[in-house]
Amino acid sequence: MSESGLRERKKRRMYRTVSDIAIRMFLERGFDAVSVAEVAAAAEISKPTLFRYFPAKEDLVLYRIADHEEEPARVVREGPTPLEALRRHFLEGLERRDPVTGLNDDPEVLAFHTLLYGTPSLVARLYGQLERTEEALAEALGGGLDARLAAGQVVAVRRVLAQENWRRIVAGERLDDVREDAVAAAERAFDVLAGALPDSVTQ
């Protein structure tokens, strides 16, 4: 492996390690009760070094799902149409119980989502990530107003479906019971999108 490749691996490992340490501390004591300085000390790095990796405290948490930011934009290129590719991808995610679909009852996953959705500053930062997801998807759909409108609707549907699945599981419903409804809800939601989005997305 080249020297630049090794540096990139080391950098990614640092991101993951610091993020994991921070999330563990936030889950134990609460997001607002843990300072950035405490996270830096636990990770054995300086506070300025931490901020070079994570510009905001919230980014320590959101890094865990950062790889999903441009996922819809990548998916639409798989065809046969952009919308069908997105539908298939979400349904496949439900099948494998991908945490991003909300259909996952692993205690660690539930704890992470409770931290994420239960902390106002994290929710606000998450919406910034969702806006970037919309922008990337709109570009992948060709740009322009129609593409931006379509991207906004797709991202909103994915978010609402995932949050509904998570909400029901947190409320104590069995995953297998939620799964059947989750698949039906996803199919119904994408059918609605198919009737509302421009032909460039659906055909």
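## The cap on helix α7

Let's start at the front of α7. In this predicted model, D106 caps the N-terminal end of that helix. The cap comes down to one pair of atoms: a side-chain oxygen of D106 sits 2.8 Å from the backbone nitrogen of E108.

Helix α7 itself covers residues 107-117. Its buried residues are V109, L110, F112, H113, L115 and L116, so a histidine shares that list with a phenylalanine, a valine and three leucines.

## M14, over in helix α1

Now hop back toward the start of the chain. M14 belongs to helix α1, which takes in residues 3-29. Is M14 buried, or is it partly exposed? Its relative accessible area is 25%, and because buried means under 20%, M14 counts as partly exposed.

As for who M14 meets, leave aside residues up to four places away in sequence, and its contacts are I45 and Y53. How far is M14 from L115, C-alpha to C-alpha? The two are separated by 22 Å, and they lie 101 residues apart along the chain. L115 is one of the buried residues of α7 mentioned above.

## Where α8 meets α9

Next up is a helix pair. Helix α8 runs over residues 120-140 and helix α9 over residues 144-170. They pack at an angle of about 135°, and their axes are 8 Å apart. That angle makes α8 oblique to α9, because only values over 145 degrees would count as roughly antiparallel. The crossing of α8 past α9 is right-handed.

Which residues do the meeting? On the α8 side you'll find Y127, L130, T133, E134, L137 and A138. Across from them, α9 brings A147, R148, A151, G152, V154, V155 and R159. Sorted by class, this contact has eight nonpolar, two polar and three charged residues. The charged ones are E134 from α8 plus R148 and R159 from α9, while T133 and G152 are the polar pair.

## The chain as a whole

Zoom out and it's helices throughout: the secondary structure comes to 11 helices and zero strands. Read from the N terminus, the elements go α-α-α-α-α-α-α-α-α-α-α.

The C-alpha trace spans about 55 × 45 × 35 Å along its principal axes. Of the chain's 203 residues, 44% count as buried. And what about contacts that link distant parts of the sequence? Taking contacts between residues at least 6 apart in sequence, 66% join residues at least 24 apart.

Key:
Residues numbered from 1 in each chain as written. Predicted model: local features only at pLDDT ≥ 70, side-chain atom pairs only at ≥ 80, totals over all residues. Heavy atoms only, no water. Helix = DSSP H or I, 4+ residues; strand = E, 2+ residues; numbered from the N terminus. Buried < 20%, exposed > 50% of the residue type's maximum accessible area, 1.4 Å probe, protein only. Contact = heavy atoms within 4.5 Å. Polar contact = N/O pair within 3.5 Å; in protein donor to acceptor, adjacent residues only side chain to side chain. Axes fitted to C-alpha atoms, helices over the stretch in contact; angles between N-to-C directions. Parallel < 35°, antiparallel > 145°, perpendicular 65-115°, else oblique. Left-handed = near helix turned anticlockwise from the far one by under 90°.
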